[in-house]
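Subject: Structure for you to look at

Hi,

Here is the structure I promised to pass on. My notes on what was found follow below it.

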Amino acid sequence: MKKRNILFGYQYQDGMITTHPQEVAVIKRIFSEYQNGMSLLDIANRLNAEEVEYQPGVIGWNKSRIMRLIEDERYTGKDSFPAVIDEKTHQAMVEIKDSKNTQHDTDRNRDIFHIDVPVICPVCGHEMDRRHDSRFKKYQQRWICSNADCRTVIHKPDDVLLNDITVLLNTMIVNPELVRVPAEPEHEPNLVVRKTENEIVRTLNTLDYDKDTLRHKMLECVSLKYADIDSASYTAHRLKATLASTESLSAFSLTLFKRTVQTIHLEKDGTVTITLINHQTIRKDKKYAADNDRSAESGTQNPSQN
């Protein structure tokens with residue numbers, strides 16, 4: 001696609017930069033609509049719908065293109081370009097843009113940006129996305145369901161969310177015996193493992209065998225056995241040990257969170273529930289349950305006190 005060789009709204013005439021009347025009309029319309037509160041996307045969509053050309057034979061309006069025009073100081077008469085707006089108007093648009101930029105003071109090192117587990121919608125079960133808007137004084141952070149047919153919105157300040165998670169983790173730190181450790185199941189090797197073991201035995205019973213081939217087959221068998229082990233019990237024991245060796249938290253610990261939490265669940269009223277890596281759900285009301293079980297009242301007592 002051929003690129004423009006001059007800023008939109010202008011043209012060359014006899015080697016001089018002059019205004020392009022039809023494009024200047026579009027520019028002034030864009031600036032007016034933006035000052036009146038229309039979003040960049042809405043402006044671009046209107047221009048595309050009306051098939052307004054950005055250059056001969058090309059439409060292709062988008063948010064980035066509109067923003068570049070709004071930010072360009074040459075429309076005020078700089079760099080030998082005839083002015084189509086005054087500096088006051090340009091400054092007003094820049095201020096509008098800055099007020100809409102809700103991320104310019106965002107510290108990406110904060111813990112909230114390193115929470116990489118799913119936050120689950122209470123209505124449809126899809127993941128939720130965090131949104132921040134500093135224009136709202138009361139609730140600057142909210143979580144929106146990513147499901148287009150749901151779009152549930154839950155207002156939850158970052159510091160409150162992290163504090164609620166900390167409280168739940170402290171419950172388990174103080175009472176690590178509440179971690180549910182499943183009974184060790186009687187384990188029978190699966191068909192693939194048994195087949196590999198039989199191949200090794202047959203190889204050893206031959207008079208002449210290739211040692212490298214046998215070594216490879218034995219390593220394969222070990223790998224298959226490891227993959228066949230039920231890891232639920234190991235995961236629960238590891239979680240319990242982690243919690244037992246941790247001091248009560250005075251603030252949110254991203255390190256502990258990453259080692260223990262599998263998912264976060266938000267209720268409509270903003271209540272936080274976490275699911276640990278052993279699939280055990282921890283709620284504020286201190287009922288502890290696995291994902292597929294009912295909430296267990298027995299989990300509210302410390303077994304050592306029975």
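This is a predicted model. Start with the largest nonpolar core, which has 34 residues. Ile115, Ile165, Phe257, Ile264 and Ile274 have the most contacts inside it. Six elements each supply at least two of its residues: the helices α5 (158–174), α8 (232–244) and α9 (254–260), and the strands β5 (141–145), β7 (261–266) and β8 (272–276). Helix α5 gives the most, with 7 residues.

Ile274 is worth a click. Beyond its neighbours within four places in sequence, Ile274 is in contact with Ile165, Leu168 and Leu169. Its other partners are Val261, Thr263, Ile264, Gln280, Thr281 and Ile282.

Another core lies apart from this one. That second core has 27 residues, including Met38, Leu40, Ile66 and Leu69.

Next, a helix pair. Helix α1 (residues 21–35) packs against helix α2 (residues 40–49) at an angle of about 145°. Their axes are 10 Å apart, and the crossing is right-handed. From α1 come Val26, Arg29, Ile30, Glu33 and Tyr34. They meet Leu40, Ile43, Arg46 and Leu47 of α2. By type, the contact has 6 nonpolar residues, 3 charged and no polar.

Last, the chain as a whole. It has 9 helices and 10 strands. Of its 306 residues, 37% are buried. Among contacts with a separation of 6 or more, 50% join residues 24 or more positions apart. The exposed area is about 19200 Å², and carbon and sulfur atoms supply 48% of that.

Best wishes

How values were computed. Residues numbered from 1 in each chain as written. Predicted model: local features only at pLDDT ≥ 70, side-chain atom pairs only at ≥ 80, totals over all residues. Heavy atoms only, no water. Core = buried A, V, L, I, M, F, W, Y, C linked by side-chain atoms within 4.5 Å. Buried < 20%, exposed > 50% of the residue type's maximum accessible area, 1.4 Å probe, protein only. Helix = DSSP H or I, 4+ residues; strand = E, 2+ residues; numbered from the N terminus. Contact = heavy atoms within 4.5 Å. Axes fitted to C-alpha atoms, helices over the stretch in contact; angles between N-to-C directions. Left-handed = near helix turned anticlockwise from the far one by under 90°. Nonpolar A, V, L, I, M, F, W, Y, C, P; charged D, E, K, R; others polar. Areas by Shrake-Rupley, 256 points an atom, 1.4 Å probe, with all protein chains shown as cover.
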